[in-house]
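Student: I am new to this structure and would like a close look at a single part of it, the nonpolar core. Please take me through that part and then through what surrounds it.

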Amino acid sequence: MAPRSAPTPRHSPAHARAVLLAGLVAAACGIVAWTTHAARSLEDTTVALRFQLRPAQRPDDLAIVGIDAATFSDYAQQARWPYPRSWHADVLDELHRLGARKVIYDVQFTEATSPAQDGALYDAVGRFPGTILATTETDARGHTNVLGGDENLARAHAQAAMATFPILAGGEIARVQPSADGVPTLAVATARSLGHRVDPTTFEHGGAWIDFRGPPGTIPTYHFSDVRDHRLAASAVRGKVVIVGMTAPTEQDVHPTPTVRDELMSGPEVQANALWTVLHGLPLRSAPGWAGILAVLLLALAPAIAALRLKTLSVLTAPVLAVAYLGLSYLAFLQGWIIPVVAPLAGLALSAVGTVTASYLTERRERRRVALHNAVLEQAVRERTAELHETQLEVVRRLAHAAEWRDEDTGAHVERIGILCERLALAAGFSATDAETLRHAAVLHDVGKIGVPDRVLLKPGRLDEEEWAIMQTHAAIGASMLAGSPSPLVQLGEEIARTHHERWNGAGYPAGLRGEEIPLAGRICAICDVFDALRSRRPYKDAWTLEEAITEIARQRGRHFDPALVDLFLPMAAELAAELARKDEGQRGRPDLRFAA
């Protein structure tokens, strides 16, 4: 009875506990990372990637008037920066004339210049009530010194507001605060002046996320010089909130933002995006803390559960979940929610590694036991396979010798054929295993002679035409005797028995095959069979000398034999003949009287 295989190992309680513990430890690490903001810089990077993937959406209620390189070029012969404050007054008056809804002036006017210049700007501010003026300075009581102080601004119906932003760990501007040093920020002050109720408690700790509309250049921007020189069409700013400020990179009011990796955004455009965010109710928010913790728990425990439930498929769980979660985080971003990415994915990665490690350590002992059992089974199988192989070879040899004993003058012919075929097969590119199989199969080449009558097979003289026709049937008889076997060895023996008398030029038997229609094993055996027959003594002929046999093989190149095989055989013929002669002498302890040296 065949040995039974070992049972498939099941997860032990110790293995299950170790895997779940690995998942819980990974979850704890992820929660700690999330709650302590240990990976804040990396998390900010993932937010930036989400901004960069989202398509730009240009707002239709904002515009920027930029003091840019074109403006510097237009006024190069008239003045250098900073420009006279009367010029800013001109721009305010022109924007008012063009129908701008409100102006945020992102240029700081805290220091006095000349009474005429300061007065011109102050009067222009008074002619455009509700103007918001930027500052970055305040005293301890939250008062500013823009255009002489807050009282002056109140008389002109204007307001000063802070232009500063908090900086993320990566150096980017991505959040806006409701106030700084007791003064409302530009975005909040402007929104309130437009009638929006802004509740500071709705801002997250550290500021609300700025919902950038796109990369730098998304918000329409016009040249300061075009406005001052009356070249701007009213449609560009009518009904819009206009931010006036420095956009030339040379003045360094440009900043990194999450919207693009290698390009800076001007201060006025940052202010415009912050204003849009506040005007639209802070549409981009961080997910609640419980959502982040839940995400960490689910992702960290997933590999452990998969390892216990899915077995071999658990290795795919981590990358599949990672990709799915990244997709979910982007979809949530499109809906206005920023869910954590780094901590949950870190928990997932730690859990995957921990689960694999726990599985390896706890299953190692079981695998060793199974491996030992399998080794015993494999050894038994190898021994049984070797025994069956030897039995098969013995049956093949006995069957070949059964045919040989009927034609005992052939002596050790079948054994020599096997050796010759193996050596020629190796020269023709066969592997050692295939060449050995050919050696064993070749001994069956004349097994069909069992079916040839003694009067023909044992006739001492030459055969007549009828007898020769009977003798030729041994190829088909041998093939039919071996047909239908599941053994590759016997199948190859059938092929050789059927085709070893076919000729390269098609003049052979039984099927008259030609060229490469003849199987390679049959072509190899044909050369070896004829060579050994020529070198062997028969009742009707003497053994040919080695030179005569080689000459005949060469003469039949392209006629009886495959030319390529002949070219391989001839250089080794002398060595093979000597080797076979020594082998015959060693086996019988005396010279072979039927095989001439």
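Tutor: A nonpolar core is a set of buried Ala, Val, Leu, Ile, Met, Phe, Trp, Tyr and Cys residues joined through side-chain atoms within 4.5 Å. Buried here means under 20% relative accessible area. The model is a predicted one.

In the largest such core there are 41 residues, and Val176 and Phe203 have the most contacts inside it. Several elements each supply at least two residues of this core: the helices α2 (40–53), α7 (186–193) and α9 (267–279), and the strands β1 (62–67), β3 (132–135), β8 (208–209) and β10 (241–246). The element that gives the most is α9, with 7 residues. Phe203 shows how the contacts spread along the chain: leaving out residues up to four places away in sequence, Phe203 touches Val176, Gln177, Pro178, Val188, Val198, Ala208, Val278 and Leu282. A second core, separate from this one, has 37 residues, including Ala79, Phe128, Ala156 and Ala158. In soluble globular proteins, nonpolar side chains tend to be buried together.

Strand β10 deserves its own look. Of its 6 residues, 6 are buried, so the strand counts as mostly covered under the cut-off of 20% relative accessible area. β10 pairs with β1 in the parallel sense, over 6 bridges. One of the bridge partners across this pair is Val244 in β10, which is matched with Val65. β10 also runs parallel to strand β2 (residues 102–106), with 5 bridges joining the two. There, Lys102 has Val241 of β10 as its bridge partner.

The wider chain gives the setting. The protein chain holds 20 helices and 14 strands. It has 597 residues, of which 46% count as buried. Among contacts with a separation of 6 or more, 73% are between residues 24 or more positions apart. The accessible surface comes to about 29700 Å², and carbon and sulfur atoms account for 57% of that.

Nonpolar side chains are also found on the outside. Trp290, Leu294 and Leu298 form a nonpolar patch on the surface, with about 370 Å² of accessible area together. Trp290 belongs to helix α10 (residues 289–309), and counts as exposed because its relative accessibility is 61%.

Ile339 is a contrasting case. This residue sits in the loop between β14 (337–338) and α12 (342–406), and is buried, with a relative accessible area of 14%. Apart from neighbours within four places in sequence, Ile339 is in contact with Glu43, Arg50, Ala287, Tyr325, Leu328, Ser329 and Ala332. Ile339 and Ser286 are 53 residues apart in sequence, yet their C-alpha atoms are 6.2 Å apart in space.

Charged side chains come next. Side chains of opposite charge can pair when their charged atoms come close. The whole structure has 21 salt bridges. One of them joins Asp118 and Arg85, at 2.9 Å from N to O. This pair links distant parts of the chain, since Asp118 is in helix α5 (residues 115–127) and Arg85 in helix α4, 33 residues apart. Asp118 and Arg85 are both buried. Another salt bridge joins Arg228 and Asp90, at 3.3 Å from N to O. Here the two residues are 138 residues apart, Arg228 in helix α8 (residues 224–228) and Asp90 in helix α4. Arg228 counts as buried at 15% relative accessibility, whereas Asp90 is partly exposed at 31%. Arg228 and Asp90 also belong to a network of salt bridges that links them with Asp74, Asp226, Asp229 and Arg231.

Last, some details of the backbone. Most residues other than glycine have a negative phi, and most peptide bonds are trans. The bond from Trp81 to Pro82 is cis, with omega near 5 degrees, and Pro82 is in the loop between α3 (69–74) and α4 (85–98). The bond from Tyr509 to Pro510 is also cis, with omega near 10 degrees. Leu147 has a positive phi, near 50 degrees, and is not a glycine. His157, likewise not a glycine, has a positive phi of about 55 degrees. Leu147 is buried, at a relative accessible area of 9%, while His157 counts as exposed at 55% relative accessibility.

Methods: Residues numbered from 1 in each chain as written. Predicted model: local features only at pLDDT ≥ 70, side-chain atom pairs only at ≥ 80, totals over all residues. Heavy atoms only, no water. Buried < 20%, exposed > 50% of the residue type's maximum accessible area, 1.4 Å probe, protein only. Helix = DSSP H or I, 4+ residues; strand = E, 2+ residues; numbered from the N terminus. Contact = heavy atoms within 4.5 Å. Pairing = 2+ DSSP bridges. Patch = residues over 30% accessible without salt bridge, like charges linked within 9 Å, V, L, I, M, F, W, Y side chains within 5 Å. Areas by Shrake-Rupley, 256 points an atom, 1.4 Å probe, with all protein chains shown as cover. Salt bridge = Lys/Arg side-chain N within 4 Å of Asp/Glu carboxyl O.
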